[in-house]
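Trainee: Could you take me through the charged side chains in this one? I'd like a close look at how they pair up, and at what is left over on the surface.

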Amino acid sequence: KKQKRGGKASKAEPPKAAAKTAMPVSPLAPAGFPALPAVAGVRIAVTESGVRYRNRPDVMLAELAPGTAVAGVFTRSATRAAPVLDCQAKLGGPSDAGAAVLVNAGNANAFTGAHGSASVKALCESVSGALNVPEARVFTASTGVIGVPLPHEKIAAKVADLAASLAPGGLEQAAQAIRTTDTFPKGAGTVVEIDGAPVAIAGIAKGSGMIAPDMATMLVYIFTDARIGQAPLQRMVSKLSDETFNCITVDGDTSTSDSLLVAATGQSPATEIGDARSRSGRVFRDALRGVMMDLAHQVVRDGEGATKFVEVAVTGAASDGDARKVALSIANSPLVKTALAGEDPNWGRIVMAVGKSGAAADRDRLTIRFGDILVAENGWVSPEYTEEDGAGYMKRAELTIGVDLGLGSGMARVWTCDLTHQYISINADYRS
């Protein structure tokens, strides 16, 4: 029988939230969480606060040794969340004291007015007291639903327990704790030698939707024991963000909460890096870039509903800026992305995306490739191209779309994913 309007809900019909099942792991996910190197001067703990999720860790606390240099980049959204504004204000301060990073999942503490700032202050005070570090050295972040006041008292009640359980390692558990719609925890790390001594770099990230970074991405925390000052580290991080996280897109949307922090504890026996252009500076920069690129690609591979990992490589543009415009126009086009999801080699949609990008382009100089397959050139389809070849290539899980504009030496690469029905399902039910 149909339930009468206004009557009681049938016991056979569970609440919508209870009916949900865990999302399957992305088919593009790595085989497993990597073994990350230990970073001296970093201790981590996780716990369950119940802010939104049940029966899973949702808070991460990292304690950083005195002398740690902290650099960061953040969303340039005009509606930045309270934790983002607080972290921005704290960068560049004195680093002789210890520091801490506190992150919660399930609630973004964004668009919550004065309540948002009060929550940040309360949590900073709580961590400061538990770890005996200055409030000015406590960095917080929140991710999840926007517009709902953060019940920070639930998190504050767990800070003492977090402080008591701090221990080296624990990055995999931390990556699990900061997830929202992510289907797998994201981590990357490496160890390099600088003047004969090891330097460790290890990081975690969360993010799978609302991804079109305008700074870095989502939430990313990278720890290293390198000896480097805040100013050179900040310059390095800002530049590398433009080469990595600012070159990925899932859906064209920039979050209110995007934050990237890199903390250098200075605990390595390696010599100090005073200049990023020095040999040791270049070695460290390249290693850090590798970790950042790995994490950025993992975010794309976990794009909500993604089944294709796509590189868009643009060459021959009038400038690097124009190349980037074209690459992002292709990568963000719903028509291109749905064609990829349907394994349809519809190269006309790529022509469309080039034309609408705002970059200088000449139809008769345009060349398009799917991997090594020449699709179009000189303003027309290549005589050697066949639809069967294009359709066969589109069945791959990893694709490259190459575009040469034939106008100059400008180039750019961005990474994206396809757009499937699952993306709609995930986001239509996100707050349910």
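Mentor: Let's settle the rule before anything else: a salt bridge here is a side-chain nitrogen of Lys or Arg within 4 Å of a carboxyl oxygen of Asp or Glu. Bear in mind that this is a predicted model. Go by that rule and you end up with 16 salt bridges. The general idea is simple enough: side chains of opposite charge can pair when their charged atoms come close.

Start with Glu-63 and Arg-43, whose side chains meet at 2.7 Å, N to O. Glu-63 sits in strand β2 (residues 59-64) and Arg-43 in strand β1 (residues 42-47), so this salt bridge ties together parts that are 20 residues apart in sequence. As for cover, Glu-63 counts as buried because its relative accessibility is 19%, and the cut-off for buried is under 20%. Its partner Arg-43 is partly exposed, at 33%.

Now hop along the chain to Arg-301, which forms a salt bridge with Glu-398, with 2.9 Å between the closest N and O atoms. Here a helix is joined to a strand: Arg-301 belongs to α8 (residues 279-301) and Glu-398 to β14 (residues 398-404), so the pair ties together parts that are 97 residues apart in sequence. Arg-301 is buried, with a relative accessible area of 17%, while Glu-398 comes out as partly exposed at 44%.

Then there's Glu-343 with Lys-395, a salt bridge at 3.7 Å, N to O. Loops are what get linked this time: Glu-343 is in the one between α10 (334-341) and α11 (347-356), Lys-395 is in the one between α12 and β14, and the two residues are 52 apart. Glu-343 is partly exposed at 27% relative accessibility, whereas Lys-395 is exposed at 57%.

Pairs aren't the whole story, either. Lys-121, Glu-125 and Glu-135 are linked in a network of salt bridges.

And the leftovers you asked about? Look for Asp-344, Glu-387, Glu-388 and Asp-389, which form a negative surface patch. Take Asp-389 as an example: this residue lies in helix α12 (residues 387-394) and is partly exposed, with a relative accessible area of 39%. That value matters here because patch members need over 30% relative accessible area and no salt bridge. So Asp-389, at 39%, clears the accessibility part of the rule.

Definitions and conventions. Residues numbered from 1 in each chain as written. Predicted model: local features only at pLDDT ≥ 70, side-chain atom pairs only at ≥ 80, totals over all residues. Heavy atoms only, no water. Patch = residues over 30% accessible without salt bridge, like charges linked within 9 Å, V, L, I, M, F, W, Y side chains within 5 Å. Areas by Shrake-Rupley, 256 points an atom, 1.4 Å probe, with all protein chains shown as cover. Lys, Arg positive; Asp, Glu negative; His and termini not counted. Charge placed at Lys NZ, Arg CZ, Asp CG, Glu CD. Helix = DSSP H or I, 4+ residues; strand = E, 2+ residues; numbered from the N terminus. Buried < 20%, exposed > 50% of the residue type's maximum accessible area, 1.4 Å probe, protein only.
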